[in-house]
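Visitor: I'm new to this one. Can you walk me through it?
Guide: Gladly. Here it is.

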Amino acid sequence: MKVKRLKRSRKMSQFYINTFGFKEPVRVLVDGTFCQAALTTKMHLQEQVPAYLGIRAQLVTTKCCVDEIVALGEDFRGAKLVARRFEQHKCRCRGLGGGAEACVLALIGEKNREHYIVATQDSGLKDKLKLIPGVPVLSIKFGQLVLGKPSQASLDKAAELNRLKAGIMPPNPQPKEVASDSLVVRKRKRKQPNPLSCKKKNTAGKSDSGAAKKKNKNRK
């Protein structure tokens with residue numbers, strides 16, 4: 001393996017370890033297409049995969065993946081023997097059908113909580129895995145192992161996690177009116193006096209009645 005390829009793959013491995021919490025030994029979930037490609041290129045997976053990733057790795061598969069290889073017939077007998085060397089993890093597809101692809105997707109789930117690296121040659125499966133953040137995809141190209149670049153979903157999730165670590169909340173601006181209302185302390189309005197209570201007293205009437213009384217007293 002070339003030095004640049006090893007540096008690149010180890011940098012990718014550290015990205016998933018530091019960002020998404022992958023731990024050694026990482027689990028590499030192998031399907032039938034990957035086993036067939038490894039057999040064709042005479043690749044010893046249990047030795048070469050950890051050496052390429054630069055970390056300890058455990059190769060695993062599922063019963064659905066093995067059953068799919070068996071269903072392909074004697075032409076894939078060698079791939080079946082390769083797959084049966086690996087530990088079989090319990091399927092989560094609940095026997096609903098869909099083959100190895102559905103089984104792998106069910107095992108990965110929406111967040112890849114078990115931190116699998118998926119080893120596959122299936123382009124359709126690769127496209128679906130790109131939509132799930134934190135899923136490294138390993139494949140064989142031109143007889144060499146290749147760890148794919150992080151998908152856009154993984155990069156977006158990594159940026160979000162970095163913001164949370166730094167204590168920066170994601171941008172979600174609220175309308176200015178709502179924000180200002182929550183900060184303004186409302187003053188109590190001064191009550192206006194009752195207009196009925198503000199009527200001037202009729203002093204003129206009182207003075208006229210007083211003057212009339214005085215006149216009456218003088219006449220007497």
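**Cysteines and the sheet**

Guide: Start with Cys93: its sulfur is 3.5 Å from the closest cysteine sulfur, in Cys64, too far for a bond. One note on origin: this is a predicted model, where local features need pLDDT (the predictor's confidence in each residue, from 0 to 100) of at least 70, side-chain atom pairs count only at pLDDT 80 or more, and totals for chains, interfaces and linings use all residues. Residues are numbered from 1 along each chain as its sequence is written, and side-chain values use heavy atoms, with hydrogens and water left out.

Visitor: Is Cys93 buried or exposed?
Guide: Cys93 is buried, with a relative accessible area of 11%. Buried means under 20% relative accessible area, exposed over 50%, and partly exposed in between (1.4 Å probe, protein chains only).

Visitor: And how far is the sulfur of Cys35 from the closest cysteine sulfur?
Guide: That distance is 8.2 Å, to Cys65, and again too far for a bond. Cys35 is buried as well, at a relative accessible area of 0%.

Visitor: So how many disulfides does the structure hold?
Guide: Zero. A disulfide here is a pair of cysteine sulfur atoms within 2.5 Å.

Visitor: New topic. How many helices and strands are there?
Guide: The chain has 10 helices and six strands. Helices (H or I, at least four residues) and strands (E, at least two) are DSSP runs, numbered from the N terminus.

Visitor: What order do the strands take in the sheet?
Guide: The order is 3-2-1-4-5-6, in an open sheet of six strands with mixed pairing. Strand 3 (87-89) and strand 6 stand at the edges with a single partner strand each, so one side of each has no neighbour in the sheet. The twist averages 35° from one strand to the next. Two strands pair if DSSP finds at least two bridges between them.

Visitor: Which way do strands 5 and 6 run?
Guide: Antiparallel, with four bridges joining strand 5 (residues 137-141) to strand 6. Ser139 has Val146 as its bridge partner, and Lys141 has Gln144. The two strands form a hairpin with two residues between them. In the turn, Phe142 has a positive phi of about 50°.

Visitor: Which side chains of strand 6 are buried?
Guide: Leu145 and Leu147, which point to one face. Gln144 and Val146 point to the other face and are not buried.

Visitor: Which strands does helix 2 lie across?
Guide: Helix 2 (residues 32-40) lies across strand 1 (26-30), strand 4, strand 5 and strand 6. Its angle to strand 5 is about 35°. Axes are lines fitted to C-alpha atoms, for helices over the stretch in contact, and angles run from 0 to 180 degrees between N-to-C directions.

Visitor: Where is Val135?
Guide: Val135 lies in the loop between helix 7 (123-129) and strand 5. It is buried, with a relative accessible area of 5%. Leaving out residues up to four places away in sequence, Val135 touches Tyr16, Ile108, Asn112, Val118, Leu129 and Ser154. Contact means heavy atoms within 4.5 Å.

Visitor: Last one. Which element has the lowest mean pLDDT?
Guide: Helix 9 (residues 176-183), at 49, while strand 4 (residues 116-119) has the highest, at 98. Over residues 178-184, pLDDT stays under 50, and the model has zero contacts there beyond four places in sequence. The chain averages a pLDDT of 84.
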